[in-house]
Amino acid sequence: MRATLLGQSWLDLTFLHWAVEPARVAPLLPAGTRPDTVDGVTYVGLVAFRMHRIGWLGLPGLPYLGTFPETNVRLYSVDRHGRRGVVFRSLEASRLLPVLAARIGFRLPYVWARMAIEHDGDTVTYTSSRRWPGPRGARSRITVEVGEELAGPTALEHFLTARWGLHNCVAGRPVYLPNVHPRWPLHRARLLDLDEDLLAAAGLPGITGAPCSVLYSPGVPVRFGPPLRAPRAGG
C-alpha cells in the first residue's frame with residue numbers, strides 16, 4: 001500500500017455469519033463487482049466491535065471522536081481485477097461527526113445510533129438502537145461468550161475475516177479502498193443472545209436461524225490506503 005489515508009484499530013470484535021445463495025445478494029452489490037463465494041455460497045456478516053482512535057494521514061488517532069462502538073452489515077465481493085473485499089449495507093456508529101464525514105466523503109451508508117459494549121468476564125454484549133437516518137429504532141443486541149483462541153483459522157474463517165479492502169461506488173464509478181492489518185487473533189465464541197433487525201433494514205429480510213459461524217477477536221491495528229478507481233471503459 002503506497003500511502004496511509006486512515007489509521008485506526010478495530011477492537012473487541014464479534015463476527016456472526018449466515019450462508020446465502022449468491023443470486024440473493026448480487027443485486028445489492030455495486031457495479032463492477034460480484035458475490036465472492038466459497039463452495040458455491042456467499043455470506044452475510046453482522047460484525048460488532050469498537051472503533052479505536054481514527055487518525056488521518058499518519059497523525060495520532062482521536063481519543064473521543066475517533067473512538068466509538070460500531071456494528072455493520074456486510075457482504076463479500078470480488079471485482080473484475082480479482083480484488084476481494086466487503087460491501088457494507090449499513091454501519092451503525094455512536095459518533096455523529098464521523099457518521100457525517102463517512103457519508104459525505106466516502107459515500108458509505110453510516111448511520112447514527114445509540115450504542116454500548118459491556119464486558120462481564122468472558123461475556124461481551126453489544127447493543128445498538130438507530131437514531132438517524134431511518135428506519136429509526138432499527139436495533140441489535142448481541143451477547144457472546146468468548147472461548148479458546150484458535151491455533152489457525154479454517155479456510156472459511158480466513159475468507160470471512162481476512163478481507164483487504166472495501167468496494168463502493170462514488171460519483172457513479174466503482175472504488176476500491178484497500179487496507180492492511182496483521183493476521184487476526186481469533187477465538188471460538190458461543191452466541192448467547194441475538195435480537196436484531198439490522199439485516200432486514202439493510203435489504204436482507206428473511207435471514208433466520210442461528211449463524212453458521214460465530215467468532216471473536218480482541219482486535220488489530222488497521223491502515224487504509226487512498227481509494228483506487230477502476231479505469232473508465234475504453235479509457
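Select A171 in this predicted model. A171 sits in the loop that links β9 (165-170) and β10 (173-180). Its backbone deserves a look: the phi of A171 is positive, about 55°, although this residue is not a glycine. As background, a negative phi is the rule for most residues other than glycine. Switch on the surface and find A171 again. The relative accessible area of A171 is 72%, and exposed means over 50%, so A171 counts as exposed.

Next, go to R53. This residue belongs to strand β3 (residues 42-56). R53 also has a positive phi of about 55° and is not a glycine. Is R53 buried, partly exposed or exposed? With a relative accessibility of 38%, R53 counts as partly exposed. The position of R53 is within a strand, whereas A171 is in a loop.

Now select strand β5, residues 84-93. How many of the 10 residues of β5 are buried? The number is 8, so β5 is largely enclosed by the rest of the structure. The cut-off behind the word buried is a relative accessible area under 20%.

Keep β5 selected and add strand β4, residues 68-79. β4 and β5 run antiparallel and are joined by 9 bridges. To see one bridge pair, pick V78 and then R84, its bridge partner in β5. Follow the chain from β4 into β5: the two strands form a hairpin, with 4 residues between them. In that turn, G82 has a positive phi of about 80°.

On to the pairing of β5 with strand β6. Add residues 110-120, which make up β6. In which direction does β6 run relative to β5, parallel or antiparallel? β5 and β6 run parallel, and 3 bridges join them. For a place to zoom in, select L91 and Y110: L91 stands opposite Y110, which is in β6. β5 thus has an antiparallel pairing with β4 and a parallel pairing with β6.

The last stop is the loop between β7 (123-132) and β8 (139-149), where P133 lies. P135 is found in the loop between β7 and β8 as well. Show the backbone atoms here and look at the peptide bonds. Most peptide bonds are trans. The bond from W132 to P133, however, is cis, with omega near -15°. Move along to G134 and P135: the peptide bond from G134 to P135 is cis, and its omega is near 0°.

Terms used. Residues numbered from 1 in each chain as written. Predicted model: local features only at pLDDT ≥ 70, side-chain atom pairs only at ≥ 80, totals over all residues. Heavy atoms only, no water. Buried < 20%, exposed > 50% of the residue type's maximum accessible area, 1.4 Å probe, protein only. Pairing = 2+ DSSP bridges.
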